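This note sets out several points on the structure shown below. It is meant to be read with the coordinates open.

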Amino acid sequence: DTTGFGGTFKYLGVNGGSGYGVFNGQTTSTTANDAAVSFFGSTTGSSGYKLLGGMQIINGASSASNAEGALTFYTATGGSLAEGMRIDASGNVGIGTTSITNTYSSANYTDINIDGTWGGIICFKLGGTEQGYVGQRASGNGDMAVGSSTGKNLVFQTNGNNERMRIDSSGNIGIGDSNPPAGIKVAIQHDGTAIRMDGSAGTTKRIFFRNCNAGNPGEVVAD
């Protein structure tokens, strides 16, 4: 039944023992996002059937002749369907959004858009327990965060698994040191350079040391 989807549907066959079906659908609609094939599941109860979710193969273009196939996935609350994710014709993924934008305006990038009332977040778990996250964790402020969960460290690595810097769970920072003491520690490596400051010719470079209670700074100056 394709009523409301602007298309025709052909049932070609189902192998009940193996549990697969072969379907052929088509749409002649010139409206973008009309579906060629739709799959939805429902449940029944005392209040009648309720949709559970499903997927559609849609024409992402604005005409039937200029076909741009896309996949859309739906979930339901109280029987009301809402699109949860789509994969467009270019392979870009949208979660919580029907409008996938390419930030870099280039076909050479594949985008994943995550959109929600408070933004989007990706959580990383181990055995069901969150270890860290990337995204927005505050209510709608737009700030991006890369964070570790309670009691976890945030480690930065390059060239494989070689640790270069970490921020431990107490907020201490170690550069070249995986067990930093309180504050910031820079371990001298290679040519002996620990901290390097570059500036324009003729400018003065300073590092300030301030006693927060007394308010009297000391400084190291390089001209």
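The points below go from the chain as a whole to its strands, its surface and its salt bridges.

1. Status and overall composition. The structure is a predicted model. Its chain has 223 residues, of which 18% are buried. The secondary structure comprises 17 strands and 0 helices.

2. Contacts and exposed area. Among contacts in the chain with a separation of 6 or more, 12% link residues that lie 24 or more positions apart. The chain exposes about 15,400 Å². Carbon and sulfur atoms supply 50% of that exposed area.

3. Pairing of S4, S5 and S6. Strand S4, residues 50-59, runs antiparallel to strand S5, residues 69-77, and 7 bridges join the two. Within this pairing, Gly-54 has Tyr-74 in S5 as its bridge partner. S5 also pairs with strand S6, residues 80-87, again in the antiparallel sense and over 7 bridges. Here the partner of Ala-76 is Leu-81 in S6. As general background, strands of a sheet pair through backbone hydrogen bonds, either parallel or antiparallel.

4. The hairpin turn. Which residue in the turn between S5 and S6 has a positive phi? The two strands form a hairpin with 2 residues between them, and the residue concerned is Gly-78, with a phi of about 60 degrees.

5. The sheet of S9, S10 and S11. These 3 strands form an open sheet in the order S9-S10-S11, with antiparallel pairing. S9 and strand S11, residues 145-148, are the edge strands, each pairing on one side only. From one strand to the next, the twist averages 20 degrees. The antiparallel pairing of S9 with S10 extends over 6 bridges, and Leu-126 stands opposite Thr-129 in S10.

6. A nonpolar surface patch. Ile-95, Ile-112, Ile-114, Ile-122, Phe-124, Val-134, Met-144 and Val-146 make a nonpolar surface patch of about 730 Å². At least two residues of the patch come from strand S8, residues 112-114, and at least two from strand S9, residues 121-126. Val-134 belongs to strand S10, which spans residues 129-135. Is Val-134 buried or partly exposed? Val-134 has a relative accessibility of 33% and therefore counts as partly exposed. That value is also over the 30% required of patch residues.

7. Salt bridge of Arg-86 and Glu-83. A search of the whole structure finds 3 salt bridges. One of them joins Arg-86 to Glu-83, with 2.6 Å between the closest N and O atoms. Arg-86 counts as buried because its relative accessibility is 10%, and buried means under 20%.

8. Salt bridge of Glu-163 and Arg-166. The closest N and O atoms of Glu-163 and Arg-166 are 2.7 Å apart in their salt bridge. Glu-163 is partly exposed at 26% relative accessibility, whereas Arg-166 is buried at 14%.

9. Salt bridge of Lys-185 and Asp-177. The side chains of Lys-185 and Asp-177 meet in a salt bridge, with an N to O distance of 2.7 Å. Lys-185 has a relative accessible area of 34% and so is partly exposed. Asp-177, at 14% relative accessibility, counts as buried.

Terms used. Residues numbered from 1 in each chain as written. Predicted model: local features only at pLDDT ≥ 70, side-chain atom pairs only at ≥ 80, totals over all residues. Heavy atoms only, no water. Patch = residues over 30% accessible without salt bridge, like charges linked within 9 Å, V, L, I, M, F, W, Y side chains within 5 Å. Areas by Shrake-Rupley, 256 points an atom, 1.4 Å probe, with all protein chains shown as cover. Salt bridge = Lys/Arg side-chain N within 4 Å of Asp/Glu carboxyl O. Helix = DSSP H or I, 4+ residues; strand = E, 2+ residues; numbered from the N terminus. Buried < 20%, exposed > 50% of the residue type's maximum accessible area, 1.4 Å probe, protein only. Contact = heavy atoms within 4.5 Å. Pairing = 2+ DSSP bridges. Axes fitted to C-alpha atoms, helices over the stretch in contact; angles between N-to-C directions.
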